[in-house]
Amino acid sequence: MATILGQLSYVVGHLRYGHYELEMRGEDLEKFKAMTRQEKEEFLRDNGELLIDDIEVDDIGDITNIDVYEE
């Protein structure tokens with residue numbers, strides 16, 4: 001099996017949707033549940049992982065290099 005990568009000169013677009021994700025349990029989860037909405041938002045921004053759910057690509061450049069990586 002081989003992986004083939006084609007490098008692009010550019011990609012133009014924008015991020016559309018995303019979310020924060022954080023796993024909690026026990027006492028920490030109970031403390032989180034007792035927070036106000038504003039405190040929860042701040043906590044998620046400070047401690048959660050930002051994940052991008054959807055992007056929109058408007059334009060791409062030429063393929064500038066092609067590499068084959070064989071296992």
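The exercises below, each with a worked solution, concern a predicted model of a single chain.

**Exercise 1. The order of the elements**

State how many helices and strands the chain has, and the pattern they follow along the sequence.

Solution. Start with the count: the chain holds two helices and four strands. Next, read along the sequence, where the pattern is β-β-α-α-β-β.

**Exercise 2. Overall form**

Decide whether the chain is spread out or compact by the globule rule.

Solution. Step one is the radius of gyration, which is 20 Å for this chain. Step two is the reference value: for 71 residues the globule rule gives 11 Å. Since 20 Å is well over 11 Å, the chain is more spread out than a compact globule. Step three adds the extents: the C-alpha trace spans about 55 × 35 × 15 Å along its principal axes. Step four turns to burial, and here 4% of the 71 residues count as buried. Step five concerns the surface, whose accessible area is about 6400 Å². Carbon and sulfur atoms account for 49% of that area.

**Exercise 3. Contacts along the sequence**

Find what share of the contacts between residues at least 6 apart in sequence join residues at least 24 apart.

Solution. Take the contacts in the chain between residues at least 6 apart in sequence. Of these, 89% join residues at least 24 apart.

**Exercise 4. The pairing of strands β1 and β4**

Work out in which sense strands β1 and β4 pair, and whether β4 is covered or in the open.

Solution. Strand β1 covers residues 2–8, and its pairing with β4 is antiparallel, over seven bridges. One bridge can be followed by name: Gly6 has Ile66 in β4 as its partner. For the second part, strand β4 runs over residues 63–70, which is eight residues. The number of them that are buried is zero, so β4 lies largely in the open.

**Exercise 5. A salt bridge between two strands**

Describe the salt bridge of Arg16 with Glu56 and say which parts of the chain the pair ties together.

Solution. First the distance: the closest N and O atoms of Arg16 and Glu56 are 2.8 Å apart. A salt bridge needs these atoms within 4 Å, and the pair is one of five salt bridges counted. Then the positions: Arg16 belongs to strand β2 (residues 11–21) and Glu56 to strand β3 (residues 49–60), so the pair ties together parts that are 40 residues apart in sequence. Last, the exposure: Arg16 has 37% relative accessibility and counts as partly exposed. Glu56, at 30%, is also partly exposed.

**Exercise 6. Salt bridges within helices**

For each helix, name a salt bridge whose two residues lie in it, and give the spacing in sequence.

Solution. In helix α1 (residues 26–34), take Lys31 and Glu27, which are four residues apart, about one turn of the helix. Their side chains form a salt bridge with an N to O distance of 3.4 Å. Glu27 counts as exposed, with 57% relative accessibility.

In helix α2 (residues 37–47), take Arg37 and Glu41, again four residues apart and about one turn of the helix. The salt bridge between their side chains has an N to O distance of 3.2 Å. Arg37 is exposed at 66% relative accessibility, whereas Glu41 is partly exposed at 36%.

A further step looks for shared partners: salt bridges that share partners join Arg16, Asp54 and Glu56 into one network.

**Exercise 7. The aromatic pair**

Classify the ring pair of Phe32 and Phe43, and decide for each residue whether it is buried or partly exposed.

Solution. The count gives one aromatic pair. Its ring centres, in Phe32 and Phe43, are 5.9 Å apart, and the planes stand at 55°, so the pair is tilted. The two residues are eleven apart in sequence, with Phe32 in helix α1 and Phe43 in helix α2. Buried means under 20% relative accessible area. Phe32 has 16%, and therefore counts as buried. Phe43 has 26% and is partly exposed.

**Exercise 8. Separation in sequence and in space**

Give the separation in sequence and the C-alpha to C-alpha separation for Glu27 with Asp53 and for Arg25 with Gly48.

Solution. Glu27 and Asp53 are 26 residues apart in sequence, and their C-alpha atoms are 30 Å apart. Arg25 lies in the loop between β2 and α1 and is exposed at 67% relative accessibility. Arg25 and Gly48 are 23 residues apart in sequence and 14 Å apart in space.

Methods: Residues are numbered from 1 along each chain as its sequence is written. This is a predicted model: local features need pLDDT of at least 70, side-chain atom pairs count only at pLDDT 80 or more; totals for chains, interfaces and linings use all residues. Side-chain values use heavy atoms; hydrogens and water are left out. Buried means under 20% relative accessible area, exposed over 50%, partly exposed in between (1.4 Å probe, protein chains only). Rings of Phe, Tyr and Trp (its six-membered ring) pair if their centres lie within 6.5 Å; planes under 30 degrees apart count as stacked, over 60 as edge-to-face and the rest as tilted. The radius of gyration is taken over C-alpha atoms; the globule rule is 2.2 Å times the number of residues to the power 0.38. Contact means heavy atoms within 4.5 Å. Accessible areas come from the Shrake-Rupley method with a 1.4 Å probe; for residues, only the protein chains shown count as cover. Two strands pair if DSSP finds at least two bridges between them.
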